[in-house]
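Let's take a walk through a protein model together, one stop at a time. Keep the picture open as you read, and look for each residue when its name comes up.

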Amino acid sequence: MIKLGHVIAAASMAAVVVLSNILVQYPVEAVVGSLQLADILTWGAFTFPLAFFVSDLTNRRYGPRVARLVVLVGFVCAVAVSVKLATPRLAVASGAAYLVGQMLDISLFSRLRRLAWWRAPLAASVFGSIFDTAIFFSLAFAPFAVFLGPNDAFALEPAPLLGLLSVETARWMSWALGDLSVKLCAALILLAPYRALMRVVLPWPDAQARPA
């Protein structure tokens, strides 16, 4: 039976995915020291980690089956938005990365949920973020994925890593590292609201499985 909480979780995931797909078009126009953030970050990097937050809270309250359904709702929204805003290659890369990253998050969270309260959301978000980032940027920009669509010449141009180091790599690698750095920081920061919500708004469904 569909519950109000299921609807709220699905709507929240849809909102995060749609907003992130829109904001990924806008670079962060700011400077930190000699680092031009616009060279490595978009605003979408700051909103997308909320997808892991939503799936973790859903998993904790309703279990992995409902969490997977919520992720699938987000996937449908991601595809719908990507078709309008992105090239087919970027749409495929985005959808594949989202699905793999979120499903890994759900699986790992379920395995660790009976440990200390912070282990499951932190580990699941970190590993989910790593896979999400690696899959998206590889499929979207790496030369080997040309079968998905034309390569982006600008993304493949050599440039100083992160715009700072003497080592030169393809631009997309700096974009990937910048994106992942934000996601990993968000995984830590979001532990605070997760802790605040997990017992008040979303109590543990199985009292015998409650973590210490």
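Find S94, which sits in helix α5. Is S94 buried or exposed? Its relative accessible area is 17%, and buried means under 20%, so S94 counts as buried. Now look for I135: it is 41 residues away from S94 along the chain, yet the two C-alpha atoms are separated by 8.4 Å. Keep in mind that you're looking at a predicted model.

Stay in helix α5 for a moment, since Y98 has its place there too. With 2% relative accessibility, Y98 falls under the 20% cut-off, so it is buried. Y98 has a partner across a stretch of sequence as well: S129 is 31 residues off in sequence, and 9.3 Å away in space when you go from C-alpha to C-alpha.

Time to zoom out. How many helices and strands does the protein chain have? There are 9 helices and 4 strands. If you read along the sequence, they come in the pattern α-β-β-α-α-α-α-α-α-β-β-α-α. The radius of gyration is 18 Å, close to the 17 Å that the globule rule gives for 212 residues, so the chain is as compact as a globular protein of that length. Along the principal axes, the C-alpha atoms fill a box of roughly 55 × 35 × 25 Å. As for what's tucked away, buried residues make up 44% of the 212 residues.

Next stop: helix α3, which covers residues 49-62. Here's a little check you can follow. At 1.5 Å a residue, its 14 residues should span 20 Å, and the C-alpha atoms at its ends are indeed 20 Å apart, so the two values agree. This helix is mostly covered, with 11 of its 14 residues buried. Among those buried residues are F52, F53, L57 and also D56 and R60. Just after α3 you'll meet G63, which takes a positive phi of about 95°.

Helix α3 also matters for our next topic, the enclosed spaces. The model has 2 cavities of 30 Å³ or more, and the largest cavity has a volume of about 60 Å³. Which residues line the largest cavity? They are P49, F52, F53, D56, P121, S125, A187, L190, L191 and Y194. Helix α3 gives the largest share of that lining, 4 residues, while α3, α6 and α9 (191-200) each supply at least two. By class, the lining divides into 8 nonpolar residues, 1 polar and 1 charged.

One of those lining residues, P49, leads us over to C185, which has its place in helix α8. C185 and P49 are 136 residues apart in sequence, but 9.4 Å apart in space, C-alpha to C-alpha. Where does C185 stand on the scale from buried to exposed? At 45% relative accessibility it lies between the cut-offs of 20% and 50%, so C185 counts as partly exposed.

Now for an open space: the largest pocket. About 1,000 Å³ of space lies in it. It is lined by 40 residues, and the closest to its centre are V24, T42, F136, F137 and F141. Which elements give two or more residues to this lining? They are α1 (4-23), α2 (44-47), α4 (64-85), α5 (88-112), α6 (119-141), β3 (158-160) and α8 (171-189). Sorted by class, the lining of the largest pocket has 24 nonpolar, 10 polar and 6 charged residues.

Some of those names come back when we turn to aromatic rings. F136, F137 and F141 join F154 and W175 in a cluster linked by ring pairs. Across the whole structure, a search finds 9 aromatic pairs. One of them is W43 with F46, a tilted pair with 5.5 Å from centre to centre and 45° between the planes. How covered are these two? W43 has a relative accessible area of 41%, between 20% and 50%, so it is partly exposed. F46 comes in at 40%, and it is partly exposed for the reason that this value also lies between those cut-offs.

Definitions and conventions:
Residues numbered from 1 in each chain as written. Predicted model: local features only at pLDDT ≥ 70, side-chain atom pairs only at ≥ 80, totals over all residues. Heavy atoms only, no water. Phe/Tyr/Trp six-rings, centres within 6.5 Å; stacked < 30°, edge-to-face > 60°. Buried < 20%, exposed > 50% of the residue type's maximum accessible area, 1.4 Å probe, protein only. 1 Å grid on protein atoms, 1.4 Å probe; cavity = no way out; pocket = protein on both sides within 12 Å on 5 of 7 lines; lining within 4 Å. Points joined across faces, edges and corners; volume = space filled by probe spheres on them. Nonpolar A, V, L, I, M, F, W, Y, C, P; charged D, E, K, R; others polar. Expected span 1.5 Å × (residues − 1). Rg over C-alpha atoms; globule rule 2.2 N^0.38 Å.
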